[in-house]
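Let us take a friendly walk through a protein model together. Have the sequence and the 3D view ready, and look up each part as we come to it.

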Amino acid sequence: MRTVELPEESDTLEFGRRLGAVLRAGDLLLLDGPLGAGKTVLTRGVAAGMGVTGRITSPTFVIARVHRPDGDGPALVHVDAYRLGGLDEIDDLDLDTDLTDAAVVVEWGEGLADQLSDTHLMVRLRRREDDVRELTLEPHGEGWTERLGELTG
Ligand code: ADP
Ligand code: MG
């Protein structure tokens, strides 16, 4: 487990960018934290790191959006789990991509953790009283620990 302090929005974007740059098809990121913690801002950075240039907004009213990078690389599937009963419902959304070809980022993902494959990265965000965001990374399953070493090392 590893905690990072993110004083400014630009720090969250930059951290997301670095995270996005190491993502691969089939990766699953679960973002946990209250409203306003910075989950969508972080996802914006992840998208930038993946080469996605389109606008990233909160997917609350659409449940999920698919963003494709300009160049090669996996698509980003940005999910809002708030209204999602279970992760299997993602299959019913008729997304225009195969999830195994995409990196999936789930806001409010904590509640889904027990339904998921063992391999995912749990990212917890919290807003401190001084407004600094604290981000904690919890790798679950094969491979994530090594990859996080490159990221936070
Ligand atoms: P969530 O998706 O978790 O509900 P958002 O990312 O939509 O939260 O909103 C975070 C809000 O907090 C934004 O308005 C952003 O400008 C502000 N903010 C201030 N400082 C930070 C920071 N260090 N990291 C992320 N967001 C920040
Ligand atoms: Mg959000």
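## Before we start

Two strands pair if DSSP finds at least two bridges between them. Helices (H or I, at least four residues) and strands (E, at least two) are DSSP runs, numbered from the N terminus.

This is a predicted model, in which local features need pLDDT of at least 70, side-chain atom pairs count only at pLDDT 80 or more, and totals for chains, interfaces and linings use all residues. Residues are numbered from 1 along each chain as its sequence is written, while chains are lettered from A and ligands numbered from 1 in the order in which they are written.

## The overall picture

The protein chain contains four helices and seven strands. Reading from the N terminus, you meet them in the order β-α-β-α-β-β-α-β-β-β-α. The C-alpha trace spans about 40 × 30 × 30 Å along its principal axes.

Does the chain fit a compact globule, and what is the expected value? A compact globule of 153 residues would have a radius of gyration near 15 Å, and the 14 Å of the protein chain agrees with that. Here the radius of gyration is taken over C-alpha atoms, and the globule rule is 2.2 Å times the number of residues to the power 0.38.Of the 153 residues, 37% are buried. A residue is called buried if 20 or more other C-beta atoms lie within 10 Å of its own, exposed if 12 or fewer, and partly exposed in between, with C-beta atoms placed from the backbone. Contacts are counted in a similar style: two residues are in contact if their C-beta atoms, placed from the backbone, lie within 7 Å. Among contacts between residues at least 6 apart in sequence, 65% join residues at least 24 apart.

## The sheet

Seven strands form an open sheet with mixed pairing, in the order 1-7-6-2-5-4-3. Its edge strands, each pairing on one side only, are strand 1 (2-6) and strand 3 (64-67). On average, neighbouring strands are turned by 20 degrees against each other, direction ignored. For such angles, axes are lines fitted to C-alpha atoms (for helices over the stretch in contact), and angles run from 0 to 180 degrees between N-to-C directions.

Try finding strand 6 (residues 120-127) and strand 7 (residues 133-140), an antiparallel pair with eight bridges. Across this pair, methionine 122 stands opposite glutamate 138, and arginine 124 stands opposite threonine 136. The hairpin of these strands has five residues between them, and aspartate 131 takes a positive phi near 80 degrees there. Strand 6 also runs parallel to strand 2, joined by four bridges. In that pair, leucine 29 stands opposite leucine 121.

## Helices on the sheet

Helix 1 packs on the sheet, where it touches strand 1 and strand 7, and its direction makes about 140 degrees with that of strand 1. Helix 2 lies across strand 2 (28-32), strand 3, strand 4 (75-80), strand 5 (102-107) and strand 6. Its direction is at about 170 degrees to strand 5.

## Around the ligand

Which residues come nearest to ligand 1? Of the 18 residues around it, they are Thr12, Gly38, Lys39, Thr40 and Val41. A residue is near a molecule or strand if its C-beta atom, placed from the backbone, lies within 6 Å of it. Two or more residues of this shell come from each of helix 1 (9-21) and helix 2 (39-50).

The shell divides into five nonpolar, six polar and seven charged residues. In this scheme Ala, Val, Leu, Ile, Met, Phe, Trp, Tyr, Cys and Pro count as nonpolar, Asp, Glu, Lys and Arg as charged, and the others, Gly among them, as polar.

## Three residues to visit

Leucine 31 is in strand 2. Why does leucine 31 count as buried? Leucine 31 counts as buried because it has 27 C-beta neighbours inside 10 Å. Not counting residues up to four places away in sequence, it touches eight residues' worth of listed partners, including Lys39, Leu42, Val123 and Leu125.

Valine 104 has its place in strand 5. It also counts as buried, because 27 C-beta neighbours lie inside 10 Å. Leaving aside neighbours within four places in sequence, valine 104 is in contact with Leu28, Leu29, Val77, Val79 and Leu99.

Finally, look at tyrosine 82 in the loop between strand 4 and helix 3 (89-92). Tyrosine 82 is partly exposed, with 14 other C-beta atoms within 10 Å. Glycine 111 is 29 residues away from tyrosine 82 in sequence, and their C-alpha atoms are 9.0 Å apart in space.
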